Amino acid sequence: MSATHARKKPFLRLATAAVAMVAALGMAACSGGASTSSSSSSSAQVGDRSPEQIKEAGEIVIGIFSDKAPFGYIDADGKPAGYDVVYGDRIAADLGVTAKYVPVDAAARTEVLASNKVDITLANFTVTPERAEKVDFANPYFKVSLGVVSPTSAEITDVSQLAGKTLIVTKGTTAEAYFEANHPEVKLQKYDQYSDAYQALEDGRGDAFSTDNTEVIAWAIQHPGFSVGIKSLGETSYIAAAVKKGNTALLDWLNNQLVELGKENFFHKDYEQTLAPVYGDAATPDDLVVEGGVDSTSTN
C-alpha cells in the first residue's frame, strides 16, 4: 500500500537530522534542567539512584535508540523523538525532573546500565531470559515478533528461502539470537547500527534484513521496492523498560507507574501520536500495545 506524505516524515527527517544527533542527545530533552547536582544527590550514582534521589538531582538519564524510527530517532529539529521518547518524557514528568537522553547501540543496552551510564534503558528493549540475568526489566508496554524485509523483486516469504543466503541483522538483537540458535544454514551479516543495516539492504549487500516486525513493516512502507514477506517469526516477545540489576526502588516505581498509565490508555495515545502516522492500516494499536503492564490478549 502507498504511504501518505505524513507517514514519511519520521524516516526522512532522521536522515536530515543526523548531523545534529550528538549535540542534541548530550543535552536534556527539556529546557531548564539544572546543569549541576546538589551535594546530597551527587553521592548517588546514575544507575543506582532511587526515584527520590533522581528527584533530588533534577534529572533522569535514559538510554534510547537514535536511529530506529519510529521508536527512537532524531527529528528534523535535532531532538529525540519516537514512541520510546514519549514514554521517557512521561517518566520524567511524573518524577518532576528533566529527561536527558543518551544514544545507545543495540548490543550496549545492558552495558550502559551495568556501567552506570543511564538510569533506565528504553531502547525498544525486548525481554529475554539472557538479558534478564544482567538487568531488571519492568513490566511490558509493547509486544512484537520478528519480521523479514527484502527486495520485492526477490521477496523472501519463508525462512527456507534464506538457506545459503545472506541475512542482515543488527548486533545484540533478538533477530541475531533467533537465527543463530534456529537457522545455522543462514549466513548472517552483522552491523552495530540499524541505519547501517538498512543501508546494506538498500545497497544489495544482503538478501534480506530481519528485526522486529513493527520496524520492518514501517520501513517497507517508506521504501518502495521492498516488502515484508515474513511478517511474524518466532514467538511473541515483549518490550519493557530496564534498570540496573538490583535497583528495586526504581523498578517498583516504574511498575506502579505503568498501572496508572494504563488507566488513561497512555500507550494507545502514544501509538496514535508516533506510530499510527507510519503504520497506517498496516497495524492496529491493539495488536501491539500493552497497557498497565499486562498483555490482556496473552493466553499464557
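Student: Is Phe179 buried or exposed?
Tutor: Phe179 is buried, at a relative accessible area of 0%. Buried means under 20% relative accessible area, exposed over 50%, partly exposed in between, with a 1.4 Å probe and protein chains only. This is a predicted model: local features need pLDDT of at least 70, side-chain atom pairs count only at pLDDT 80 or more, and totals for chains, interfaces and linings use all residues. Residues are numbered from 1 along each chain as its sequence is written, and side-chain values use heavy atoms, with hydrogens and water left out.

Student: What share of the chain is buried?
Tutor: Buried residues are 53% of the 300 in the chain.

Student: How many helices and strands?
Tutor: The chain has 13 helices and 11 strands. Both are DSSP runs numbered from the N terminus: helices are H or I with at least four residues, strands E with at least two.

Student: How many residues of strand 10 are buried?
Tutor: 5 of the 5, residues 208-212, so strand 10 is largely enclosed by the rest of the structure.

Student: Which strands pair with strand 10?
Tutor: Strand 7 (residues 135-151) pairs with strand 10 in the antiparallel sense, over 4 bridges. Strand 8 (residues 166-170) runs parallel to strand 10, with 2 bridges. Two strands pair if DSSP finds at least two bridges between them.

Student: Which residues face each other there?
Tutor: Leu146 has Asp212 of strand 10 as its bridge partner. Leu167 is bridged to Ala208 in strand 10.

Student: And helix 9, how many of its residues are buried?
Tutor: 10 of its 10, residues 213-222. Trp219 and Glu215 are among them.

Student: New topic. What order do strands 2, 3 and 4 take?
Tutor: They form an open sheet in the order 2-3-4, with antiparallel pairing. Strand 2 (67-68) and strand 4 (80-81) are at the edges with a single partner strand each, so one side of each has no neighbour in the sheet. Lys68 sits opposite Gly72 in strand 3.

Student: How many aromatic pairs are there?
Tutor: The whole structure has 16. Rings of Phe, Tyr and Trp (its six-membered ring) pair if their centres lie within 6.5 Å; planes under 30 degrees apart count as stacked, over 60 as edge-to-face, the rest as tilted. Phe71 and Phe142 are edge-to-face, 5.4 Å centre to centre with 75° between the planes.

Student: Where do those two lie?
Tutor: Phe71 is in the loop between strand 2 and strand 3 and Phe142 is in strand 7, so the pair ties together parts 71 residues apart in sequence. Phe71 is buried at 0% relative accessibility.
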